[in-house]
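This report covers strand pairing, one helix and one loop residue. Please read it alongside the model.

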Amino acid sequence: MTAPDTVTVDHILVAVKNPRIPDGMEPDAAKELAYDLLKQLEAGADWAALKQKHSADPPPCGPYTMANDGVAPSGGAYPRAGMAKAFGDVGFGLEPGAIGMADFEPNDSPFGYHIIKRVT
């Protein structure tokens with residue numbers, strides 16, 4: 001399967017406490033909440049309601065369009081390389097409508113757990 005030039009994704013950020021997000025959660029609590037939310041979403045819970053209640057991403061907080069590596073961003077798209085690595089990897093790995101998790105990892109996903117829904 002060839003990766004698309006662009007994808008649009010939405011996400012719920014369950015933030016892990018770090019210097020950029022001092023009011024984030026402790027890693028174990030964030031992981032527990034993130035995977036509980038993922039389970040709820042996979043069972044049909046309302047994306048918008050859970051995002052509004054739980055996402056720590058400040059406005060506009062998505063959706064985001066990302067241009068793949070080697071593709072010039074246009075129309076407000078962000079370069080994939082400008083996002084957290086795991087965010088781009090998961091976003092480009094999903095089929096439209098699918099949901100996935102970018103786990104917290106200090107180098108590849110330093111802000112916390114991203115529950116990602118591919119829009120297009």
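## Strand pairing

Two strands count as paired if DSSP finds at least two bridges between them. Strands (E, at least two residues) and helices (H or I, at least four residues) are DSSP runs, numbered from the N terminus. This is a predicted model: local features need pLDDT of at least 70, side-chain atom pairs count only at pLDDT 80 or more, and totals for chains, interfaces and linings use all residues. Residues are numbered from 1 along each chain as its sequence is written, and side-chain values use heavy atoms, with hydrogens and water left out.

Strand 2 (residues 64-67) runs antiparallel to strand 1, joined by 4 bridges. Val7 has Met66 of strand 2 as its bridge partner. Strand 2 also pairs with strand 3 (residues 78-79), in the parallel sense, over 2 bridges. Here Ala67 partners Pro79 of strand 3.

## Helix 2

Helix 2 spans residues 47-54, and its buried residues (under 20% relative accessible area, 1.4 Å probe, protein chains only) are Trp47, Leu50 and Lys51. They lie on the same side of the helix because they cover an arc of only 100° around the axis, taken from the directions from the helix axis to the C-beta atoms. Gln52 and Lys53, both exposed (over 50%), sit on the face turned away from that buried side.

The buried residues of helix 2 pack (heavy atoms within 4.5 Å) against strand 1 (6-15), helix 1 (27-42), strand 4 (99-102) and strand 5 (112-118).

## Ser109

Ser109 lies in the loop between strand 4 and strand 5. Ser109 is buried, with a relative accessible area of 0%. Not counting residues up to four places away in sequence, Ser109 touches Ala84, Ala86, Ala102, Asp103, Phe104 and His114.
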